[in-house]
Amino acid sequence: MTGFIEQKKVLIVSQYFWPEDFRVNELVLGLKKKGCIVEVLTSTPNYPLGQIFKEYKKNPGKYTHYNSIYIHRVSQISRGNNKFTLVLNYLSFLISASFYCLCKLRKKNYDVIFAIQLSPIFSVIPAIICKKLFKSPLFFWVLDVWPDSITPIKINTNSYRYKLLERICYLLYSSADFLLLSSKGFESRLSEMGVIKPKMIYFPNWVEDVYSHDLNLDSDEGSKVKSLLSRWSDKKIFLFAGNLGEAQDFPNLLKGFKDSSSLGEVVFLIIGDGRYKESLISIINSYNLKDNVFLLGRYESSYMPYFYYYADILVFSLLDIPIFKLTLPGKVQSYMSSGSPIVGMVNGEAELLIKEAKCGYSAASGDTKHLSILIDRCCSSSEQDLKQLGLNGKIYAHDNFDYNSLMSKVVSYF
C-alpha cells in the first residue's frame, strides 16, 4: 500500500511580490514544486519607483494569480519619493493586511504561515495574526535584523526609544516557531537580544533561476548588453548592480576608484535605482568622475546575467556598521554564479565568504586606500588569474546556494 503524504497549505505573507522582482517569487514556485498548496498575501506593486505599476493599474485582474498560485492583494499607499510617504506605505500595508486577515481569511485554514521579513519588521504582524487564527506554525525568513538595520539613520542606540523598539522586535521574533536566517551571523545577534524560543535555521539566498542557465549571447538581451558595453571595450569594466542607497557607502566606494592609479584604464558601471541616486550623481560630479563612472539605470532581471558576463569585475560595498558585519547581501550569490571575480569593500560575513570561496578580493568597509590597491591589482592581473577567481565563485555558489536543495531543506521543516 502506497503511503499518503498530506499536501501542506502554505500562506506566504510579503509586502513585496510579483510583478515586483524579489526572491519570494521563486520561493513560492519552489514550494509549489515541492508539493505545497501555496497562496500569497501581498499588496499593490510599486517597488522600486514608488508608483503603482502602470500595467497593474490598467488591468489588476491579470495579477490575481502567479503560475496558478492565488494572490490576496490589499491596498497600500505607494512608497512615493520621500520619507513621509515611505512611512505611510509601511503603515498602510500593516493595517490593510491585518484587517484582511481578520475579516477575509479567518474562515480559511493554512498548515504553515511563512512571513518574508524585510524592513521594516512590522510587516510580519499580519502573519502573527494568522498564526493565532489558524494555530499554525509560523516561519520568518529573516533577511535583515531589526532594530539594527535602522542604525544607518544614526539613531542613538542607547536612547529609550531605541531600547523600546528593540524590545518590540524581540517580541516579534519570539512569536515565530522557526527563524530562517539568510546570514549565519544573525543567530548570535538574535540570541544576544534574548530570542531563544524559535528554532533558528540557516537558509541563505539561493542562486536565482535567471543565473542558472546557459547564456544565449545572441538573444535580444545579450545583443543589447554587448552593444551597450562595447563603447568601453578598451577599458577594464567594473560593475555594481542593485539598490542605490546609503547602506552601499558610495562616497567611499567612488573615492577608491578616484584614488586608483589605474583610473584611466577603468570604467565603473552602476546598474539600478534608488533614493540615493541624486546624491550619487552629485558625488560623481564632485569627484570629477564623469568620464569613469556611469549610471545605466534599472534593467529587468533577464538582462543581468549578460551584464555580469561582459563585465570584468563585479563590485559591492557596505557601510561600516555592526549589523552589516553579520549580513550577506543577496547579490553576492548572483555575482558568484556568474563566473566573474568580485571586489568587495565589506566586513564580516561577506568578507569571509569572498576569502573562503577564493572568488575575488576584499577591503575593509571604508578602507578606500586598500580598495584602490585592489582596483590596481585587478587591472594588472592576467585574464587567466581573473578567470580562475570567477570559476572558484561559480563552483562555490553551485555547491552552497543551490535553489532545489534549499527548497527541499525548508519544506522538511513543515
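Biologist: What makes H13 count as lying across E12, E13 and E14, and at what angle does H13 run to E14?

Modeller: Helix H13 crosses E12, E13 and E14 and runs at about 150° to E14. Contact means heavy atoms within 4.5 Å. Axes are lines fitted to C-alpha atoms, for helices over the stretch in contact, and angles run from 0 to 180 degrees between N-to-C directions. Helices (H or I, at least four residues) and strands (E, at least two) are DSSP runs, numbered from the N terminus. The model is predicted, with local features needing pLDDT of at least 70 and side-chain atom pairs counting only at pLDDT 80 or more, while totals for chains, interfaces and linings use all residues. Residues are numbered from 1 along each chain as its sequence is written, and side-chain values use heavy atoms, leaving out hydrogens and water.

Biologist: Why is helix H13 called largely enclosed by the rest of the structure?

Modeller: Buried means under 20% relative accessible area, exposed over 50%, partly exposed in between (1.4 Å probe, protein chains only). In H13 (residues 348–357), 7 of the 10 residues are buried, so the helix is largely enclosed. Among them are Leu353, Ile354 and Ala357. The buried residues pack against elements including strand E12 (313–317), helix H12 (331–337) and helix H15 (383–400).

Biologist: What makes E11 and E14 edge strands?

Modeller: Six strands form an open, parallel sheet in the order E11-E10-E9-E12-E13-E14. E11 (293–297) and E14 each have a single partner strand, so one side of each is left without a neighbour in the sheet. The twist averages 25° from one strand to the next.

Biologist: How do you know that E10 and E11 pair?

Modeller: Two strands pair if DSSP finds at least two bridges between them. Strand E10 (residues 266–271) and E11 have 4 bridges, in the parallel sense, and thus qualify. Ile270 stands opposite Leu295 in E11.

Biologist: How do you know that Cys169 forms no disulfide?

Modeller: A disulfide is a pair of cysteine sulfur atoms within 2.5 Å. The closest cysteine sulfur to that of Cys169 is in Cys101, 20 Å away, which is too far for a bond. By this rule the count comes to 0 disulfides. Cys379 is likewise in no disulfide, the nearest cysteine sulfur, that of Cys378, being 6.8 Å away.

Biologist: Why are Cys169 and Cys379 called buried?

Modeller: Cys169 has a relative accessible area of 0% and is therefore buried. Cys379, with a relative accessible area of 17%, is buried too.
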